[in-house]
Amino acid sequence: MRRVCLILSFGALLLLGCQRSPREVPWEQVDLWAQKPVIEAKPQMAPGAPVTVPLVSYLGREEVRDLSRVPPRQLVNNPKRTAGQVRAIRQRAASRVAWSVEPGAEAYFSFVPLGSEMGCPCTYRVGVREESGPIREIYDAAARPVAPIAPATVELDLSAYTGKKIDLLLQVDGPAERMPGQPAPSVLWGSPAVYGRKALAEAKPAKESPRPNVILVGFDTLRADALGPWGRKPSLSPSLDRLATESDVWLDAYSTFNVTNPSFASILTGLYGKNHGVYDLKTPLPPSHTTLAEILSGAGYETLAFIAAHHLGDHNSGLGQGFDRVELAEEHFAAELPVDGAMDWLAARDGSRPFFLWLHLFDPHTPHTPPEPFALGLRPVADSGLSPVTEWLPFRPTGARDFVEPVLAGNKDLYDGEVAYLDRQLGRLLAFLKSRGLLEDTVIALVADHGENLGEHGINYRHLGLWETTTHVPLLVRWPGEPRKGRILRGLVQTTDLFPTLVAAAGLPVPPQDGTDLRELTRDGRLGRRAVFSEHSDRLGVTVRTRDFRYMLSQGNSRLLPDGAYLYDLRKDPQETENLAGRGLPAEKELADLLTRWMADRKRGVDPKSREQTDEEKKKLEALGYG
């Protein structure tokens with residue numbers, strides 16, 4: 001609970017009084033996807049045929065591209081580019097179903113009208129009924145065919161029914177009969193849930209351990225300069241910006257890799273790739289390496305991972321070690337699914353043990369399919385948490401965008417839309433944590449695995465190369481307790497440094513690894529590391545970066561990144577456009593020697609064994625621009 005202090009001054013007399021203010025009423029999420037409704041009306045159907053089916057669908061379309069723009073050679077084996085996955089309910093046309101709910105304060109019903117997969121002439125209708133009385137309709141709209149970009153979330157006010165038992169009714173008007181050879185006419189309700197503030201039914205037992213909870217939010221493909229604290233103007237991220245005001249923000253953080261699996265292996269072990277041995281998307285981390293989840297689990301933590309990209313699953317990454325439960329996407333999750341799932345899990349816990357939650361959020365990666373209005377260039381005016389967004393602000397000239405790169409389904413404006421959408425989901429999670437008092441006892445760390453080329457170096461929507469665009473990542477930590485003034489910290493740090501930081505924050509001994517506690521690196525005027533190092537996927541390159549220079553070696557990459565040495569003077573050339581290698585500058589020899597010594601300094605360990613990928617796994621990676 002917060003302590004509120006009142007200071008009154010009368011001349012030389014100072015009166016100080018303090019009292020604890022009550023904690024805000026917790027947010028509650030009632031996920032209709034997980035609850036079976038009452039069927040009130042249905043068309044004639046085959047015996048046993050369901051009126052509603054809960055499923056994991058797409059926040060958009062299964063194939064998001066205009067295939068007429070994709071060269072046939074790029075469609076070998078027909079790799080799809082899918083929108084992110086969300087929880088959804090498929091409801092048959094000419095039916096009505098009901099859920100009994102008791103809305104809390106500030107209540108509303110939220111869903112995404114994803115539309116009809118087969119384009120049926122259907123209509124969404126939402127109604128409310130009190131005590132078997134008449135139905136009051138509060139929403140109706142024609143169902144559009146499912147589109148590459150999903151429509152905006154609908155948020156319907158239920159505050160008039162606070163504390164009352166009501167039936168929430170979802171009705172789909174449309175043809176009752178199915179056409180010959182066609183599936184039954186139906187529509188999709190995406191992420192359907194009722195939100196409201198409600199006091200907890202009973203007090204949960206006090207946590208038995210003094211150790212703080214730990215939440216690690218790992219963003220995929222998120223450049224540091226896409227976020228407000230790192231200079232993005234206008235900002236795309238009001239929720240993260242607000243979190244940064246009460247966090248330690250490291251402006252000069254660098255990833256150890258330019259690709260997902262090896263990077264997260266480093267984050268979760270504190271080891272450079274040269275010491276954990278994972279260089280691709282198919283080689284699991286050996287069980288002999290100790291992960292953050294294993295350390296925390298061994299100390300009594302409950303552990304959960306939501307992994308939003310299938311190729312980061314334990315079968316490929318080995319990063320399921322130490323987790324009680326792993327939720328893995330079949331394709332890739334849109335951020336609202338892991339956030340909703342995390343809120344469900346946190347609400348169901350008894351709270352007697354500390355928890356470790358790893359949320360991997362994939363959205364900035366191609367294909368770029370943020371829902372409206374983010375796709376149109378709008379973001380919330382301010383962080384609205386779990387409350388409905390009431391006002392939107394343009395962050396670019398508004399309007400729809402086509403994919404500039406049709407093969408990968410990429411567009412820089414839509415990339416920005418993905419970042420804004422991601423921030424909205426982060427704000428929802430933070431508001432849930434705050435309302436339940438969990439921020440008082442939780443360490444929250446945010447980091448990205450790598451960045452992205454958005455046209456720089458002649459490369460679009462691939463994280464090829466080891467430049468600022470692909471290695472400079474956001475990193476911040478919010479410490480437990482009452483909000484404190486955030487700190488903006490300069491000085492080079494690595495994503496490996498999160499591992500010892502979080503282990504030490506949990507009050508546990510830190511095993512040998514390559515990281516250094518971030519607090520030590522920037523304490524008492526220290527300005528971080530002398531240099532940071534990153535390795536390229538598939539052992540195709542390596543780089544060292546100091547405050548003033550970057551030196552990079554590339555070997556066997558592609559025509560987009562010729563073999564050889566690269567030297568950049570970051571003071572004069574922060575965009576890394578002029579290669580100074582081979583001109584005899586003293587910095588080149590100094591950094592080449594430093595890189596040679598660093599590569600030679602290896603720890604002994606198990607050599608990871610690559611696994612064979614199935615044809616289906618290869619297709620999924622091709623669909624994301626790998627291979």
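How many of the five residues of strand E3, residues 27-31, are buried? I would like to start there, and to keep in mind throughout that what we have in front of us is a predicted model. Four of the five residues of E3 are buried, so this strand is largely enclosed by the rest of the structure.

Before going further with individual strands, let me describe the chain as a whole. The chain has twelve helices and 30 strands, and its C-alpha atoms fill a box of roughly 85 × 80 × 45 Å when the box is taken along the principal axes. For 627 residues, a compact globule would have a radius of gyration near 25 Å, and the chain, with 26 Å, agrees with that. Of the 627 residues, 58% are buried, while the accessible surface comes to about 25,900 Å², with 52% of that area belonging to carbon and sulfur atoms. If we consider the contacts with a separation of 6 or more, 73% of them are accounted for by residues 24 or more positions apart. As for charge, there are 74 positive and 79 negative charges in the chain, and their mean positions are 2 Å apart.

Let me now return to E3 and ask which strand it pairs with. Its partner is strand E13, residues 186-197, and the two run in the antiparallel sense over five bridges. If you would like one residue pair to look for on the screen, Asp31 has Ala193 in E13 as its bridge partner.

The next strand I would like to show is E9, residues 123-130, where six of the eight residues are buried, so that E9 too is largely enclosed by the rest of the structure. E9 pairs with strand E10, residues 135-142, in the antiparallel sense over seven bridges, and within that pairing Val128 stands opposite Arg136. The hairpin of E9 and E10 has four residues between the strands, and there Glu131 takes a positive phi near 45°. E9 also pairs with strand E12, residues 166-173, again in the antiparallel sense, over eight bridges, and in E12 the bridge partner of Arg129 is Asp167. As a general point for anyone following the side chains by eye, in a regular strand they alternate between the two faces of the sheet.

There is also an open sheet of three strands, in the order E23-E16-E26, with mixed pairing. Its edge strands are E23, residues 472-473, and E26, residues 493-494, each of which pairs on one side only. Strand E16, residues 253-254, meets E23 in the antiparallel sense over two bridges, and Tyr254 of that pairing stands opposite His472 in E23.

I will finish with a single residue, Ile215, which has its place in strand E14, residues 213-219. Is Ile215 buried or exposed? With a relative accessibility of 1%, Ile215 counts as buried, since the cut-off for that word is under 20%. And which residues is Ile215 in contact with, once its neighbours within four places in sequence are left aside? They are Phe355, Leu357, Leu433, Thr442, Val443, Ile444 and Ala445. To take Ala445 from that list, it lies 230 residues from Ile215 in sequence, yet the two are 6.2 Å apart in space, C-alpha to C-alpha.

Key:
Residues numbered from 1 in each chain as written. Predicted model: local features only at pLDDT ≥ 70, side-chain atom pairs only at ≥ 80, totals over all residues. Heavy atoms only, no water. Rg over C-alpha atoms; globule rule 2.2 N^0.38 Å. Buried < 20%, exposed > 50% of the residue type's maximum accessible area, 1.4 Å probe, protein only. Contact = heavy atoms within 4.5 Å. Areas by Shrake-Rupley, 256 points an atom, 1.4 Å probe, with all protein chains shown as cover. Lys, Arg positive; Asp, Glu negative; His and termini not counted. Charge placed at Lys NZ, Arg CZ, Asp CG, Glu CD. Pairing = 2+ DSSP bridges.
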